[in-house]
Structure formats: C-alpha cells, structure tokens
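Hi everyone, thanks for coming. I'd like to walk you through one structure this morning, so please have a look at it while I talk.

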Amino acid sequence: MTSTSSRTHRMPPLLWLAVVILVTINLRPFLTAPGPLAPTIQQATGMDLPSFSWLTLLPMALMGIGGWLAPTALRRWGARAAICASLLLIALGCALRLTPAGAATGSLLIVTAGLCGAGVALAQSILPGLIKRQSPHNVAPMMGLYSAALMGGGALSAQLSPVAMQLGLSWQASLAIWAIPVLLALPLAWYALTLMHEPVAPMPSAPLVQANSDSDTGWLLRRGRTWLLLISFGLMNGGYGSTVAWLAPFYQTHGWTATQSGSLLAILSIAQAASALAMPALARRSLDRRRWLMLALLLQIIGFAGLGLWPDAMPTLNAIVLGLGLGGCFSLFMLVALDHLPSPTQAGALNSLMQGGGFILAALAPLVMAQLHQISGNWMTGWLYQAGVAALVCLLVTRFNPQGYPQAMQRP
C-alpha cells in the first residue's frame, strides 16, 4: 500500500526557482544597509557602538526565536500565509525607517530592525524544508541557490545604500528603499504558493501512522546532534553578523568613505553568494560534507586573521577570501542539517531548530565585538576572536560523519 499522506503538488520549476530567488533576496538588505552608513547614523541618533550593534543583534535573535516557532507556524498557517506575512513585516520594518530627520532615533531604528528580523525569521526557516519537498532530487544545488540569493541581497544593499545617500537621498530614505523589492516579490509569492497544495489528510490506515510519525518533531530537541548542529551553526554565523555590523565602520576608521567601505562589504557579499552557490554543488557527489566545511572554515580563519593583523595589506583580496568562507559554510550547514533525516518534514524541522538556536547564539557576536573594542581600544582583538571561533567550529564539524546520522538521529 502506498501512502498519500504527504502528497504535494510541485509547481512549474521555473516559477519555483523565481519564488525562491525573489523571496530570499529580500531577507538581508535591511541587515547590511546600516553598516556603511554607521558614522552618519551614529551622528544623527547619538548611538554608541554597543547600541549600534543592536541593529544586528536584535533581528538575528528574532530570527532565532522565529526559527523555533517556524514548524508550528507552517502547520497552522501553511506556507503561503507564513511567507507572505513575513514579507509584509519586512516591508513594514523598512518603510518605517523613512522618518523626518528630527524623529529619527536609535530606538526607532532598533524597533524597525526587530520588525524586519521577525519577518525574516519565518521565511528563512520555512524555505529549506519546502526546497527539500519541492526539489527532492536537487536539494544541494537549490540550497546553494537559496544561500547565494540570501548573500546577493546583502551585497546589493551594502553597495546601493551609500550610493543612494551620495546621490542626495537622506540616510533614512537610503534604508527605507528596501521595502520596494519586498512589495514587488509579494504578489508572485502569493500566486505561486497558492499552487502548492498543502499535505492532504491520509486515509485511516497504516499510512496514518507514518504521517503522524513524520509530523511529530518534538523529539528532535532530545537528540544531542540537534544541539551540536545548533551550537556549530551559531558560532559560525556569529562571524557573519560581526562582519555585517562592523566591517564597513572598521574601514571607515582607516579613512575609507561610506561608499568605499560599502563597496568592500558588497564584494565580500558577492564572494559569499558565489561560494554559497558553488560549494554545495561541489559537495553533492558525496554525502560527507566535512572536507568542504573545513575548507570554508579555514578561509574564514585566514580572512579574520587578515582583518586583525594586516587590514591594509590586501583588503579586497582578504574580503573575497573571508566571503568565500562565510558563504560556503552557511550553505553547507543548511545542507548538512537536511542530510540528517530522510523525511522532508523532519529535516525541515531540524533545519529550523538549528537556525533558531543558532541565530540566537550568533546574535551575541556583534555585541561581543563592540565590548572587545571598548576594552582594548581597537578592532584587532575582535577579529582575532572570530578567527579563534572558526577554529573551534573546525573541531566540532569533525563529528558530522554521515555514516553516523541514523544513530545520531534515532528516535527515542
């Protein structure tokens, strides 16, 4: 007897591809846009470094909390409602940054960052599971594309926000313009996800037991591997959060302009996107992704050490090396989480849990960097700290042997 418990309609491949790209590309611009504009924003709002770090800390923490809630939201609301609601929150958060000069405060900026982070939380936690369900034979390249679109959106805003201000827009408008592509993506997402049928209820027979087994994901929190994935992902992604928050302000202390430092952050983000797309494709021949993870982490160690010890030697090349490490590591972690379980529902839930706790942990990294700067009086200590964290994650990922996945994820 065959089960119909999780029958899902697969929309036209090109339409699904467009949805993944256009939704995902809107999940990072609000996060990378403030960094290149940091001195202007700080001067206008009076924010110090720890306060400014909350523009990254709060949304990443909310991404984490949302990741834990995503499986429940998906079951109750369905993919269409959850993802479209996410896009509306992001658009609202960006639009509210367009305030009169006198009304612009650090508190308002932090609140808008929180709105955007809450919106991103559901979308980025739900999409990996949908990718495994809609593209079961192309999970690795689709996760690479998803990760590349994520980083590509960050590159666009890092480059274009300081350019917009240079062309005469206020810094508030330069942040708020990122509501526009979100609103453009919303109708397509609504239409396309309408075509995706929700799983239908099974007939009351043996398949019902399997359906209930797949939908029960609470036991994942009782597996040590879930927590190892969560901690590894969180430590690794803290490097991304610190780079987004502080790379542009760091180089502005070296005499760079907002546009120049924004361009450097954009170059790093483009390298992230390229690596996020390429590494899963290169790693798809084997289920053992550890050597690729090690390579990505080694590139991070080199990049962070370069920022700490030789920031002015070859900044563009160093940004490319660091970007390759950050982007490849992110997409490979997303893939490794999905590799652990054959069920798309359970694999998606594991991915959400990893992202949830991981982003909460990663959110602390920009604040740690700010505090290290205040203690030491320079940025070197923080960058070397991130290199040390990447070295620690190298040790943790040695545990991700695919031959041990069935035992590691054995249901209690």
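I'll go through helix packing, then salt bridges, then a few single residues, and end at the surface.

One thing up front: this is a predicted model, so please keep that in mind throughout.

Let's begin with helices 13 and 14. Their axes come within 7 Å, and the crossing angle is roughly 145 degrees. As for the hand of this crossing, helix 13 and helix 14 cross in a left-handed way. If you want to find the contact on your screens, look on the helix 13 side for residues including Trp 292, Ala 296, Gln 300, Gly 303 and Leu 307. On the helix 14 side, look for residues among them Asn 318, Val 321, Gly 325, Gly 328, Cys 329 and Val 336. Glycines turn up on both sides of this contact, with Gly 303 and Gly 306 in helix 13 and Gly 325 and Gly 328 in helix 14.

Now please turn to another pair, helix 4, residues 49-77, and helix 11, residues 224-252. Here the axes come within 11 Å and cross at roughly 150 degrees. Which hand does the crossing of helix 4 and helix 11 have? That one is right-handed. Helix 4 brings Leu 49, Phe 52, Ser 53, Thr 56, Met 60 and Trp 68 to the meeting, and helix 11 answers with Trp 227, Leu 230, Asn 237, Gly 241, Ala 245 and Trp 246. So each helix offers a tryptophan here, Trp 68 from helix 4, and Trp 227 and Trp 246 from helix 11.

On to the salt bridges. How many salt bridges does the structure hold? There are 2. In one of them, the side chains of Asp 339 and Arg 289 come together at 2.8 Å, N to O. Asp 339 belongs to helix 14, residues 315-339, while Arg 289 sits in the loop between helix 12 (258-283) and helix 13 (290-309), so this pair ties together parts that are 50 residues apart in sequence. Are these two partners, Asp 339 and Arg 289, buried or exposed? Both are buried.

The other bridge joins the side chains of Asp 288 and Arg 290, again with 2.8 Å from N to O. Asp 288 is partly exposed, at a relative accessible area of 24%, and Arg 290 is partly exposed too, at 22%. Both values sit above the 20% under which a residue counts as buried.

Next, some single residues from the interior. Val 244 is in helix 11, and with a relative accessible area of 3% it is buried. Which residues does Val 244 touch, once those up to four places away in sequence are set aside? They are Leu 31, Thr 32, Gly 35 and Leu 265. Compare the sequence with the space here: Val 244 and Pro 36 are 208 residues apart along the sequence, yet their C-alpha atoms are 9.3 Å apart.

Then there is helix 6, residues 106-134, which holds Pro 128. Pro 128 is buried, with a relative accessible area of 0%. Leaving out neighbours within four places in sequence, Pro 128 contacts Met 143, Tyr 146, Met 334, Leu 338, Asn 351 and Gln 355. Helix 6 also carries Thr 112, which counts as buried at 1% relative accessibility. With the same kind of neighbours left aside, within four places in sequence, the contacts of Thr 112 are Gly 93, Leu 96 and Arg 97.

Back in helix 14 we find Ala 319, buried at 5% relative accessibility. Beyond its neighbours within four places in sequence, Ala 319 is in contact with Leu 264 and Leu 268. Its C-alpha lies 9.7 Å from that of Gln 272, and the two residues, Ala 319 and Gln 272, are 47 apart in sequence.

Finally, the surface. Which residues make the nonpolar surface patch of about 410 Å²? The answer is Leu 221, Trp 227, Ile 231, Leu 361 and Leu 364. You have met Trp 227 already, among the helix 11 residues that meet helix 4. Leu 361 is in helix 15, residues 344-362, and counts as partly exposed at 31% relative accessibility.

That's the tour. Thanks for listening, and I'm happy to take questions.

Notes. Residues numbered from 1 in each chain as written. Predicted model: local features only at pLDDT ≥ 70, side-chain atom pairs only at ≥ 80, totals over all residues. Heavy atoms only, no water. Patch = residues over 30% accessible without salt bridge, like charges linked within 9 Å, V, L, I, M, F, W, Y side chains within 5 Å. Areas by Shrake-Rupley, 256 points an atom, 1.4 Å probe, with all protein chains shown as cover. Salt bridge = Lys/Arg side-chain N within 4 Å of Asp/Glu carboxyl O. Helix = DSSP H or I, 4+ residues; strand = E, 2+ residues; numbered from the N terminus. Buried < 20%, exposed > 50% of the residue type's maximum accessible area, 1.4 Å probe, protein only. Axes fitted to C-alpha atoms, helices over the stretch in contact; angles between N-to-C directions. Left-handed = near helix turned anticlockwise from the far one by under 90°. Contact = heavy atoms within 4.5 Å.
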